Amino acid sequence: MMGKRLMLALLCVVSLLCAGCELVTEEPKRDVHFIGVGLSYKLSSGTAGSGVLIPVGTESATGKVLPSCLHDVSSVYTRFSTRGYDSFTSYSGGSSLAYITDANGTTDSYSLCVSALDSVASVAKDSDLTIFYYSGHGYGDGLLVLTDGITQTVSGNTYVTGKLLGVDTLLAKLSAIAGDKLVIMDSCYSGNLVDAWAGHSSEGFERFFAGHGDSNIYVLTASAASELSFCGSEYGYFTKVVTTLLADNSRIAFSDLYDAVSEYFASRTFAYSGNLYEMHPASNTSVPLDLLV
């Protein structure tokens, strides 16, 4: 009788231990996917390039050469790639190679960017983080001025032909990617990406985020929707602040990153074409959750 009782007691202990084991689960592996775009709009050496030709309906506008963008994307890539994630993959087009730049001349950056977004969407898991960074010209309603790999000469000046990626298209591509998405934009008018959040308006929410996934898209932009973003000959001022913060903090919450960037630019002015301008970094801070990077 005693033996049966002892056996039952042992079975109960083993059962409890097994049940306890089932309750302890390992934290999911957090892979990080990085898509960085930094465009100088400068043609290969030996060619007198004049910047980018931006299509505006039947007309066109021009954007100057931005050599600082190549430094920016390299710096951001370095800061994220050394942060100790489970794994870190940088995408260029359909392969895990390098970030997207035009350092060696004209590049079909539009196709590479879209392909990279689609590539990440095909492999990302719910536990993953995808970082999208852009440094280049912004136009109109926050359009990303990418390129199509073709040059055009107008009035004796040779330009890289631009191809515009709209905010809505970008958000649609990002929403197709599982997991958290961190978007950092250093371009003029980039605040259009989060302008809908600023007034907490349902109309704006519907326009930008209905059909674009849940609020696990975290956006930080260099400027408000109607503002320019400024750079020196070596780096963009906004990106310089972001990379410094990432270098000084092994882990930093997204909201703290936004607060620190906003505080830095408060009341600072930048001279351009004889006028003084301010930059007001924008963010979709109404997202109730936070993100550690």
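Is aspartate 118 buried, partly exposed or exposed, and at what relative accessibility? In this predicted model, aspartate 118 comes out as partly exposed, at 36% relative accessibility. Its side chain meets that of lysine 173 in a salt bridge, with N and O 3.0 Å apart. Aspartate 118 sits in helix α3 and lysine 173 in helix α4 (residues 167-175), so the pair ties together parts that are 55 residues apart in sequence. Lysine 173 is partly exposed too, at 24% relative accessibility.

Now for the overall picture. The protein contains eight helices and 14 strands. Of its 293 residues, 44% are buried. The accessible surface is about 14400 Å², and carbon and sulfur atoms hold 52% of that. Among contacts with a separation of 6 or more, 75% are between residues 24 or more positions apart.

Back to the charged pairs, where the count comes to four salt bridges. One of them joins aspartate 180 to arginine 30, whose closest N and O atoms are 3.2 Å apart. Aspartate 180 belongs to strand β10 (residues 180-186), while arginine 30 is in the loop between α1 (2-23) and β1 (31-38), so this pair ties together parts that are 150 residues apart in sequence. Aspartate 180 has a relative accessible area of 19% and is buried, because the cut-off for buried is under 20%. Arginine 30, with 24%, is partly exposed.

Another salt bridge brings together the side chains of aspartate 31 and lysine 125, at 2.8 Å from N to O. Here, too, distant parts of the chain are linked: aspartate 31 is in strand β1 and lysine 125 in the loop between α3 (109-121) and β6 (129-135), 94 residues apart. Aspartate 31 is buried, with 12% relative accessibility, whereas lysine 125 is partly exposed, with 35%. Asp128 comes into the picture as well, since Asp31, Lys125 and Asp128 are linked in a network of salt bridges.

Next comes a sheet. Five strands make up an open sheet with mixed pairing, in the order β3-β2-β9-β8-β7. The edges are taken by β3 (59-63) and β7 (138-139); each has a single partner strand, so one side of each is left without a neighbour in the sheet. At the β7 edge, two bridges pair β7 with β8 (residues 143-154) in the antiparallel sense, and tyrosine 139 has leucine 143 of β8 as its bridge partner. At the β3 edge, β2 and β3 are antiparallel and share five bridges, with valine 56 partnered by glutamate 59 in β3. The hairpin of these strands has two residues between them, and glycine 57 there takes a positive phi near 65°.

Strand β2 (residues 49-56) also runs parallel to β9, joined to it by three bridges. Leucine 53 has threonine 161 as its bridge partner in β9. Threonine 161, in strand β9 (residues 157-165), is buried at 14% relative accessibility. Beyond its neighbours within four places in sequence, threonine 161 is in contact with Val52, Leu53, Leu146, Thr147, Asp148, Ile150, Thr151 and Gln152.

One last residue is worth a look. Tyrosine 91 lies in the loop between β4 (87-90) and β5 (100-101), yet tyrosine 91 is buried, at 9% relative accessibility. Its C-alpha atom is separated by 6.2 Å from that of phenylalanine 34, though the two residues are 57 apart along the chain.

Notes
Residues numbered from 1 in each chain as written. Predicted model: local features only at pLDDT ≥ 70, side-chain atom pairs only at ≥ 80, totals over all residues. Heavy atoms only, no water. Pairing = 2+ DSSP bridges. Helix = DSSP H or I, 4+ residues; strand = E, 2+ residues; numbered from the N terminus. Buried < 20%, exposed > 50% of the residue type's maximum accessible area, 1.4 Å probe, protein only. Contact = heavy atoms within 4.5 Å. Areas by Shrake-Rupley, 256 points an atom, 1.4 Å probe, with all protein chains shown as cover.
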